[in-house]
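Hi everyone, thanks for making time. I'll put the structure up now, and then we can go through a few bits of it together.

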Amino acid sequence: MLRFAPPPFAALLLAAVSLPALAQDEPVVPAAPDGGAAVGVAEELTADVEDTTWGVIALGDERIGWTRTVATPLGENGDASARTEVETNMTFRRFGQTIKMAVELSAEETADGGLRAYTLVTKNPGAAPTKAVGERVGDVMQVTSTVNGQQAVREIPVPGDVKGPSYLETVLAGDELKPGRPVSFKAFFPDLEKVGTTTLSIAPNAEAVETPTGETRTLTAVTVTHDILPISTTLYVDEDGEAAFDSTFMLGQEMVTYEVSKEEALRAVFGKGGDVGFDTLVAVETIPNVHQTQQVVYEVTVEEADPAELFLATASQTVEPLDERRARVTVKRLPIPASATAGVAPNLLKSTRYLQSDDPRVIAHAEAAAPADAPAGTVAVGCTEYVGRVLTNKNFSTALASAAEVAENLAGDCTEHSVLCAAMLRARGIPARVCVGLVTIPGRGQMGGHMWVEALLDADGPVVEGGGGDGEAIWIPLDPTMTGGGIGGGHLLLGRSDLSDDDAAPVASFLPMLEVIGRLTVKVVESK
C-alpha cells in the first residue's frame with residue numbers, strides 16, 4: 001500500500017519564491033537550460049526492510065521525484081512503538097535551471113501514535129543541509145535546528161495528544177471515520193515547527209477511479225485538511241483503508257503521489273515539460289517603468305480565499321476589501337531620506353541562524369557598502385545596491401541559503417540577495433526583516449514569486465517602533481535585486497519574517513503564497 005507522506009509543500013514553496021535581479025526597464029532574460037532535469041537517484045540507500053514503500057511524485061504532467069517510506073517496530077515485549085522514515089527526493093526546473101531537493105524525516109511514535117521524537121533534514125545543493133531534531137520532554141517539544149553549522153534551540157508547547165505522521169493511517173484502518181462524521185486530531189508539523197489540527201472526511205460512496213498507473217479501481221475519496229496549511233490532500237483508499245494514490249493542488253497544478261516498485265521510482269526521468277518558475281507566473285497588465293512608479297492600484301481576485309486576509313496592510317501597501325473574493329490593493333513608493341536614522345527594534349538586530357549579522361564576512365560586506373559615519377538612510381540604500389552588485393552569479397539552484405553562505409559564495413536568486421542584505425543592515429545597526437510576495441517582471445506582463453527586504457527607518461529622529469518618540473519609524477521596503485534601492489508600485493506583499501531563532505520555521509511566514517498561486521487574478525486599476 002502507499003503510505004501517506006506529507007506533501008513537500010515547504011520545498012516547493014521556497015522554490016516558487018525565486019526571481020533573479022530585476023532591471024528597472026528591461027525584461028528578465030531567463031537562464032539557459034542547464035541540460036535537463038533528471039530525477040536524482042539517492043546514493044547509499046539503506047537496504048529495504050519488509051515494510052518499505054516506494055512512490056512517484058508528479059506535478060502536473062511532469063514526474064519530479066520519488067518517495068521512500070519505511071516503518072520499523074521499535075518496541076519489545078508488547079511495546080508497539082515504531083519509527084517512520086520518509087525520504088522525498090525531487091528534481092525540477094526553475095526558469096530553465098535545475099534545482100534538486102531532498103527531505104528526510106524520521107519520526108518515533110508511541111503505541112497510540114503520539115510523537116516522541118523526530119529528525120528533519122533538508123538538502124539543497126548550493127546551500128549546506130539544514131537539520132532539525134525534536135525531542136518531546138513532558139509538554140514541550142525541544143527542537144534543535146542547525147543551519148550552516150549554527151545551532152538554535154526552541155521549546156514549543158505541545159498538548160499531550162499530539163500525533164506523529166503515521167497516525168493518519170491508523171485512522172484510515174479503523175472504523176471511526178464515517179461519511180458525515182469527520183475525524184480530527186492534533187499533529188506536529190516538523191516543516192513549520194507548529195502544532196495544528198488535521199481533519200479527515202470520507203466520501204459517502206466508493207467510485208470507479210482511474211489511477212495514475214492507468215488502472216481502473218473502486219476507491220473512496222478521503223479529504224485531508226489542516227488548519228495551519230492552506231492546502232488539502234485527497235486520498236483514494238480501498239475497502240481496507242489502504243491508499244492507492246493521493247492528489248494535492250500545489251502551485252496551481254495537481255500533484256499526485258502513487259506507489260511503484262523501487263526500480264520504477266528510481267528510474268531517471270528527464271523532464272521536457274513544466275517549469276515551477278514559469279508555471280507559477282501571474283498575468284498582469286504591462287506598466288512602463290513599473291518599478292519607478294509612485295503608485296499603482298490593483299484589483300486582486302483569489303479563488304476560494306479572501307484577499308483582504310492574505311495581502312498585508314503596511315505603510316507602503318493598503319488593502320480595501322471589495323467582497324469576499326476581491327480587494328483593491330494600493331502600493332506606493334516610500335521615500336528614503338539619506339539622513340534618516342535607524343528605528344529601534346532590538347530583537348530585529350540580533351544575529352540568527354539565517355541572518356548571521358555577526359559573521360565576519362557579512363560584517364566586511366556591510367562595512368564596504370557605505371561609509372562608517374553615514375546615516376542610516378544612506379546605509380540602507382548602500383547595502384541594497386551593494387548586494388545587487390556583488391552577487392554576480394545569479395542562479396536559481398538554491399532555495400534558501402543563509403546570509404553567511406551567501407556572503408562567501410556571492411550566488412543565488414532573490415532569496416539569497418535578501419538574506420544577505422537583511423543581515424548586512426542588522427550589522428550596521430538597522431532593524432531589518434525579509435518579505436515575500438509577488439513582483440512585476442519588467443517587460444513580460446507577468447508577476448512572479450519574490451523575496452525582498454524591509455528596513456526600520458525614521459526621518460525625524462530615533463524612536464521605538466510604532467511611535468513613542470519625536471516621530472514614527474516606518475518599515476521601508478528595499479529590493480536588492482533592483483537598482484535604486486527602494487521600490488515603486490510593482491511589489492505585492494503577502495508575508496514577512498524576522499527569521500528569528502525563536503519563531504517557527506521560515507516557510508511558515510510564506511504560506512499565503514500557496515493560497516494565491518494558481519488562484520490569483522490581478523488587474524491594474526491605475527498607475528502614476
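I'll talk about salt bridges, then a charged patch, a hairpin and a pair of alanines.

One thing up front: this is a predicted model.

Okay, salt bridges. How many salt bridges are there? The count comes to 18. I'll pick out a few of them.

Start with R83 and E108, whose side chains meet in a salt bridge at 3.5 Å, N to O. That pair links distant parts of the chain, with R83 in strand β3, residues 82-94, and E108 in strand β4, residues 97-109, 25 residues apart. So are these two buried or exposed? R83 has a relative accessible area of 25%, so we call it partly exposed. E108 is partly exposed too, because its relative accessible area is 25%.

Stay on β4 for a second, since E104 is there as well. The side chain of E104 meets that of K123 in a salt bridge, 3.1 Å from N to O. Again the pair links distant parts of the chain: K123 is in strand β5, residues 115-123, and the two are 19 residues apart. E104 comes out at 26% relative accessible area, so partly exposed, and K123 at 35% is also partly exposed.

Next up, R326 and D323. Their closest N and O atoms are 2.7 Å apart, and they form a salt bridge. R326 has 28% relative accessible area, which means partly exposed, and D323, at 34%, counts as partly exposed as well. And then there's a network: R63, E264 and R267 are joined by salt bridges that share partners.

Now, the patch. Which residues form the negative surface patch? E239, D240, E242 and E259 do. E259 lies in strand β15, residues 253-260. Its relative accessibility is 33%, so E259 counts as partly exposed; patch members need over 30%.

On to the hairpin. Strand β11, residues 207-210, runs antiparallel to strand β12, residues 216-226, and four bridges join them. Across that pairing, E207 stands opposite L219 in β12. The hairpin has five residues between the strands, and G214 takes a positive phi there, near 95°.

Last stop, the alanines. A364 is in helix α4, residues 360-369, and with a relative accessible area of 42% it's partly exposed. How far apart are A364 and A427 in space? They're 9.5 Å apart, C-alpha to C-alpha, with their positions 63 residues apart in sequence.

That's my tour, happy to take questions.

Definitions and conventions. Residues numbered from 1 in each chain as written. Predicted model: local features only at pLDDT ≥ 70, side-chain atom pairs only at ≥ 80, totals over all residues. Heavy atoms only, no water. Patch = residues over 30% accessible without salt bridge, like charges linked within 9 Å, V, L, I, M, F, W, Y side chains within 5 Å. Areas by Shrake-Rupley, 256 points an atom, 1.4 Å probe, with all protein chains shown as cover. Salt bridge = Lys/Arg side-chain N within 4 Å of Asp/Glu carboxyl O. Lys, Arg positive; Asp, Glu negative; His and termini not counted. Charge placed at Lys NZ, Arg CZ, Asp CG, Glu CD. Buried < 20%, exposed > 50% of the residue type's maximum accessible area, 1.4 Å probe, protein only. Pairing = 2+ DSSP bridges.
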